[in-house]
Amino acid sequence: MFENGGGEVKKNGPCVIVIFGITGDLANKKIIPALFRLFAMGLLDGKTRIAGIGRRTYSNIEYNEYILNSVSKENAADDLKRKFAEMNIYICSDFSSSGAFNVIRDGLRKVATDNRICNFLYYLSTPPQNFAEIIHGIAASGLESPDFLDVSCAGAFVRVVIEKPYGSDLESARKLNEKVLSVFSEDQIFRIDHYLGKETVQNIMFFRFLNGIFEPVWNRNFISSVNIRVFESDGIGKRANYFDGAGIIRDIIQNHSLQMLSLIAMEPTVSTAPENIRNEKLKVLKAIRPFDPSEPDKYLVRGQYTAGNVGGVAVCSYRDEPGVAKNSGTETFAMVKLFIDNWRWAGVPFYLSAGKRMAVRLTEVTVDFWPAPHPIFQNVMNRGDRYSNRIIIRVQPDEGISLRIFSKAPGFKMEPKPVTMNFNYSTSFAEKLPEAYERLILDALNGDATLFMRSDEIEAAWEYITPLLDCSKVSCTPLKYYASGTPGPDCCDFNGDNEPPALRAEP
């Protein structure tokens, strides 16, 4: 992605895109619309075919209507939508049943030979418990190579995209890696975290490494703390079956939060080649100080939302959500305090927090700097206030970057006031921000793994997170309750100026 520079977007050749779980919410709401937008922009080869695999029985007319309904909200001409729908075919198969992959193989062979296509991209848009059996089915039926077509396919590729969650702990992630790597090589595997496809997350590297005024102060000598927040005002929706067994630590912190952390904390790379970037991210994850289960309250807070009011609407407690156990101990909020034990970040606390039913929906990184070493204006400064500069990188909503500085307030008094220098995508660029799935699917088609997670990166993240999950299992950190529509547990109402009391501890 970065290595190609600012020229033309790389064009991909014709491909059979195979979507397992085509009738699920993710495919319906994200993947199909993203593919349509790539097609509308001319970034999806017109000869490409999209093969949906699902259990439901559809006639050709019914499936065509399903695809058109998925793209109905797109701002495009009806004839363009119809052309896109014509690129789609449906293969009805319960991939958990015996012989299912024989049906899938025969269907894909027909699509590929009829359209003279040798390239395949498998997209696993299914519940995670199906990942291993799909990979096994692909291998058992010979679909891991274009050789099953019985035609010459020199130079053709077969790739697989695997959605999160990639495992549920370190052991399961390792087993899944072993299974996938027994069928595909690392350069064929694209483990997706849609946060890395967000324009503002990618911009973290540009912000750090292209602006010479920031990188010299991007270290422990100038930065006092870093706070990464991923807050949602929504509850769990219809995801109780998954979320009540997972919790917010698995759902958000293990992937989204740690990926943003690695970009904030990584060292400059030699080049923007995918492996160089992923190597530096891995070094950050491996340098995280292991969680200390003997003093959990110093490093972890877990919370759960109760009934409250969000946006003027009364909402129920987590335990009253459909499908949630009435005595559930699953956390819907978590704040983790961690340290990165390397030369650049030694002693700097990083706070990773995530929550459901929060007062606001936001994803942002707050970088706080040490105050000036000698406050020469202390006679006019409010006692107790922290006069430190701050950078806020807003991932969503209101995407952009803010820098807080201090200025003299107008008038006859010598009075300091904080002011903000703002960069907003919406006012600085005319272009609409691409959706994360557009970027990631296009990169997978082009074989660019920059924004995808490598096997050792996945395992390094789980290596840190699994002890937190073990701690949660035995309730070594009791749940702290917070009303829906509030900033979270009282102990974690943290704006970056002061450390949350619950996690106040020396490094």
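How many salt bridges does a search of the whole structure find? The search finds 29. The model examined here is predicted, and the account below first follows its parallel sheet, then turns to selected charged pairs and to the surroundings of one arginine.

The sheet is open and consists of six strands, arranged in the order E3-E2-E1-E4-E5-E6 with parallel pairing. Its edges are formed by strand E3, residues 88-92, and strand E6, residues 189-191, each of which pairs on one side only. From one strand to the next, the twist averages 20 degrees. As a general matter, strands of a sheet pair through backbone hydrogen bonds, in either a parallel or an antiparallel manner.

Strand E5, which spans residues 158-162, offers a convenient point of entry. On one side, E5 is joined to strand E4 (residues 120-124) by five bridges, and the two strands run parallel. Within this pairing, Leu124 stands opposite Ile162 of E5. E5 also pairs with E6, again in the parallel sense, over three bridges. Here Ile162 stands opposite Arg191 of E6, while Val160 has Ile189 of E6 as its bridge partner.

Is E5 enclosed by the rest of the structure or open to the outside? Five of the five residues of E5 are buried, so the strand is largely enclosed by the rest of the structure. In a regular strand, side chains alternate between the two faces of the sheet. In E5, Val158, Val160 and Ile162 lie on one side, and Arg159 and Val161 lie on the other. Because every one of these residues is buried, both faces of E5 are covered.

The connections on either side of E5 run through helices. Strand E4, helix H5 (residues 131-140) and E5 make up a β-α-β unit that is right-handed. A right-handed β-α-β unit is also made by E5, helix H6 (residues 170-181) and E6. E5 thus takes part in the unit with H5 and in the unit with H6.

The salt bridges can now be considered. In general, side chains of opposite charge can pair when their charged atoms come close. One example lies within a single helix: Asp114 and Lys110 form a salt bridge in which the closest N and O atoms are 2.7 Å apart. Both residues belong to helix H4 (residues 100-115), and their spacing of four residues corresponds to about one turn of the helix. Asp114 and Lys110 are both exposed.

Another salt bridge joins the side chains of Asp251 and Arg239, with an N to O distance of 3.0 Å. This pair links distant parts of the chain, twelve residues apart: Asp251 is in helix H8 (residues 240-265), and Arg239 is in the loop between strand E7 (223-231) and H8. Asp251 has a relative accessible area of 2% and is therefore buried. Arg239, at 33%, is partly exposed.

A further salt bridge, at 2.8 Å from N to O, connects the side chains of Arg344 and Glu267. These residues are 77 apart in the chain, with Arg344 in the loop between strand E11 (333-339) and strand E12 (349-355), and Glu267 in the loop between H8 and helix H9 (274-287). Arg344 counts as buried because its relative accessible area is 11%. Glu267 is partly exposed, with a relative accessibility of 30%. Arg344 and Glu267 also belong to a network of salt bridges that links them with Arg208 and Glu215.

The final region concerns Arg37, which is located in helix H1 (residues 25-40). Which residues does Arg37 contact, leaving aside its neighbours within four places in sequence? They are Glu74, Glu435 and Glu438. With Glu438, the side chain of Arg37 makes a polar contact of 2.4 Å. Asn75 is separated from Arg37 by 38 residues in sequence, and the C-alpha atoms of the two are 9.5 Å apart in space. Asn75 is placed in the loop between helix H2 (60-70) and helix H3 (78-86). With a relative accessibility of 82%, Asn75 counts as exposed.

Methods
Residues are numbered from 1 along each chain as its sequence is written. This is a predicted model: local features need pLDDT of at least 70, side-chain atom pairs count only at pLDDT 80 or more; totals for chains, interfaces and linings use all residues. Side-chain values use heavy atoms; hydrogens and water are left out. A polar contact is a pair of N or O atoms within 3.5 Å; within protein, one must be able to donate a hydrogen and the other to accept it, and residues adjacent in sequence count only if both atoms are side-chain atoms. Contact means heavy atoms within 4.5 Å. Two strands pair if DSSP finds at least two bridges between them. Axes are lines fitted to C-alpha atoms, for helices over the stretch in contact, and angles run from 0 to 180 degrees between N-to-C directions. Buried means under 20% relative accessible area, exposed over 50%, partly exposed in between (1.4 Å probe, protein chains only). A crossover is right-handed if, with the strands pointing away from the viewer, the path from the first strand over the helix to the second runs clockwise. A salt bridge is a side-chain nitrogen of Lys or Arg within 4 Å of a carboxyl oxygen of Asp or Glu.
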